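Biologist: Got a minute to go through this model with me? I'd like to start with the charged pairs.

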Amino acid sequence: SILAAKSAQDAKTATDLFIKNANMPSLGGNTDAMRGLLESTNPNVHMTPEAVREAANQVIAQRKLSLEKQKVLAPIKALQDRGIVDPSVYNSTLSRINAIDPRIFQLDEMTPEERKAMRDAMSAKEKEKFAAMLDDAHKLGMKP
């Protein structure tokens, strides 16, 4: 029917516009997770619900890390601008934050089974590094 065709076309148009807008750098659409999530809204692309959820959680974790980064760095920058803090403090803190894996911000959203699967997929060295990143995020005042 004409109504169904119009509805399908409207859905495709909305999806295409969503993908176009999200691919703009200001919206953070340049990550693989974001691209996968956006492509999943297209009826011609098939992702399992689990894959869509995982892609969404990755994007959310990246945004959470970005927000936490701003929260931590803003006061340091303000003190630096007033000459109270040496610029090296900002730079070293930024380096510490940049070393943090965004997956630490996914942990709260994961089921116990998903957390176990993630840990099981890591080597002993990766587990140690991941735990150190989580610890460092807490020391920086982040809330993963």
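Biologist: So how far apart are D135 and K139 in helix 6?

Modeller: They are four residues apart, so about one helical turn separates them. Helices here are DSSP runs (H or I, at least four residues), numbered from the N terminus. D135 and K139 form a salt bridge, with the closest N and O atoms 3.2 Å apart. Salt bridge means a side-chain nitrogen of Lys or Arg within 4 Å of a carboxyl oxygen of Asp or Glu.

Biologist: Before I trust that, what are the ground rules?

Modeller: This is a predicted model: local features need pLDDT of at least 70, side-chain atom pairs count only at pLDDT 80 or more, and totals for chains, interfaces and linings use all residues. Residues are numbered from 1 along each chain as its sequence is written, and side-chain values use heavy atoms, leaving out hydrogens and water.

Biologist: Fine. Is K139 buried or exposed?

Modeller: Exposed, because its relative accessible area is 62%. D135 comes out at 37%, so it is partly exposed. The cut-offs are under 20% for buried, over 50% for exposed and partly exposed in between, with a 1.4 Å probe and protein chains only.

Biologist: How many salt bridges in total?

Modeller: Eight by this rule. One of them joins R53 and E114 at 2.4 Å, N to O. That pair links distant parts of the chain, with R53 in helix 3 and E114 in helix 5 (residues 112-120), 61 residues apart.

Biologist: Let's switch to helix 3. What do its ends say about its length?

Modeller: It has 33 residues (49-81), so at 1.5 Å a residue it should span 48 Å, and the end C-alpha atoms are 47 Å apart, which agrees. The expected span is 1.5 Å times one less than the number of residues.

Biologist: Where does it bend?

Modeller: At L73, by about 30°, and a proline, P75, follows within four residues. The bend is the angle between axes fitted to the seven residues ending there and the seven starting there.

Biologist: And the core, which residues touch the most other members?

Modeller: I97, I100, F130 and M142, out of 19 residues in the largest nonpolar core. Helix 3 gives the most to this core, with five residues. A core here is a set of buried Ala, Val, Leu, Ile, Met, Phe, Trp, Tyr and Cys residues joined through side-chain atoms within 4.5 Å.

Biologist: What is I100 in contact with?

Modeller: Leaving aside neighbours within four places in sequence, L65, M133, A137, L140 and M142, where contact means heavy atoms within 4.5 Å.

Methods:
Helix = DSSP H or I, 4+ residues; strand = E, 2+ residues; numbered from the N terminus.
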